Amino acid sequence: MKTYLIIPAMILALASCQKPAEMKTTDATNQEVFGKMPDGREVKIFTLTNKNGLTARVTEYGAILVSMETPDKAGKTADITHGYDTLEGWLTNTSYLGSTVGRFGNRIKDGKFALDGKVYTLATNNKPGGIPCHLHGGLKGFDKVLWSGKPFGDNGVEFTYVSKDGEEGYPGNLTVKTTYTLNDDNELKWETTATTDAPTIVNIVHHSYWNLSGDPTTSINDHELTLNAPHFLPTDTGLIPTGEIAPVAGTPMDFTNPMIIGERVDADFEALKFGGGYDHCWVLEKGEGVRLAARIKDPESGRVMEVSTDQPAIQFYGGNFLDGSFAGKGGVKYAKRSALCLETEGFPDAPNKPAFPSCVLRPGETYKHVMIHKFSAE
Ligand code: BGC
């Protein structure tokens, strides 16, 4: 009896002697050290897998989805997101690759808004058409901060971040929790809640870049997109909504039936000119609770991703500003339209548009945003 106990103990001892000092460790919750922040704080990365061979990796930095591996119709698995191989890469990320974006995702006109009679000024960190605006939370939004991660539920991770009153110009201490869970129905669920101790504005958005082919050197113009959205928000040349809620019918913005993205992206249509392609907010079909918002398919690999949400709108960004200027995973320089984003959200510039659904959060209320990505192949 004793012999049986001693042998495994010896094997364990030997194994631990052979482990190089810098080797990364994986514990039962599949968390590892991803790297260090410039100030020395350690950053963890978590791996979620399911019984069908899907793998999602998420990190405490920016509550980022680092990679998402799914099988194609032949069962071949590939990562279908843009990003970087190392934390150092993500630290240089200025395109919000895979990030959890906040406190207010999308644009705010002139970086200004009034709340309860007081005017707040935010950074103007973006300049489409030469017109400065506030984008995705400012100079150091939620995508560029270290969240605190821990295992969540059966197969998930919970990230917490407390955004201080005055951070990036926003009022109120905001406590944010973002969870990622992967289930055996091939659903990756991103869910965010937030509470505040003073009135503020909130629009927290998941910002992954997808290329369902698994080959980031190809164009997403070949993908087929369906949006459950009868209206879109026309913008000015600075990509700020004019306030109009326009029907998509009869325009190149109509994705209510499956359409190949590239077929109309260069059409002679004002909104497409302003956006340099698709970069607009669509108003989703009204409904209760979490419902299907978008479906994207890569005809060649057969991969399909369905996006469901409880939010009123979705930004479809066709990767027009990617220009090959930085190298991502495997050293690939991401070219224009080599990935697309489908960002469920509240309406852009809602803080300045009283007719848009309110994005004001007050003490005692809880902001909630559910986004489910369901993967399949056909
Ligand atoms: C916006 C684009 C912007 C991009 C930055 C998207 O959500 O719609 O206009 O360039 O984010 O990564």
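Okay, let's start with what's around the ligand. The shell is Ser95, Tyr96, Arg107, His136, His207, Tyr209, Asp279, Gln315, Tyr317, Phe321 and Glu343. Before I go on, keep in mind that this is a predicted model.

If you sort that shell by class, you get 4 nonpolar, 4 polar and 3 charged residues. The charged ones include Asp279 and Glu343, and both of those turn up again in a second.

So, polar contacts. Which side chains put an N or O atom close to a ligand oxygen? Asp279 is one of them, with a side-chain N or O atom 2.5 Å from an oxygen atom of the ligand. Then there's Glu343, where the distance from a side-chain N or O atom to a ligand oxygen is 2.8 Å. And Gln315 has a polar side-chain atom 3.0 Å from an oxygen of the ligand. On to burial: on its own the ligand would expose 310 Å², and the protein covers 94% of that.

Okay, where does the ligand sit? In the largest pocket. That pocket comes out at a volume of about 410 Å³. Its lining is 21 residues, and the ones nearest the centre are Tyr96, Leu135, Tyr209, Tyr317 and Phe321. Tyr96, Tyr209, Tyr317 and Phe321 you've already heard, since they're on the list of residues surrounding the ligand too.

Last bit, the class breakdown for the whole lining of that pocket: 8 nonpolar, 9 polar and 4 charged residues. Put that beside the ligand shell, with its 4 nonpolar, 4 polar and 3 charged, and that's the picture I wanted to show you.

Definitions and conventions: Residues numbered from 1 in each chain as written. Predicted model: local features only at pLDDT ≥ 70, side-chain atom pairs only at ≥ 80, totals over all residues. Heavy atoms only, no water. Near = heavy atom within 4 Å. Polar contact = N/O pair within 3.5 Å; in protein donor to acceptor, adjacent residues only side chain to side chain. Areas by Shrake-Rupley, 256 points an atom, 1.4 Å probe, with all protein chains shown as cover. 1 Å grid on protein atoms, 1.4 Å probe; cavity = no way out; pocket = protein on both sides within 12 Å on 5 of 7 lines; lining within 4 Å. Sits in = over half its atoms within 2 Å of the grid points. Points joined across faces, edges and corners; volume = space filled by probe spheres on them.
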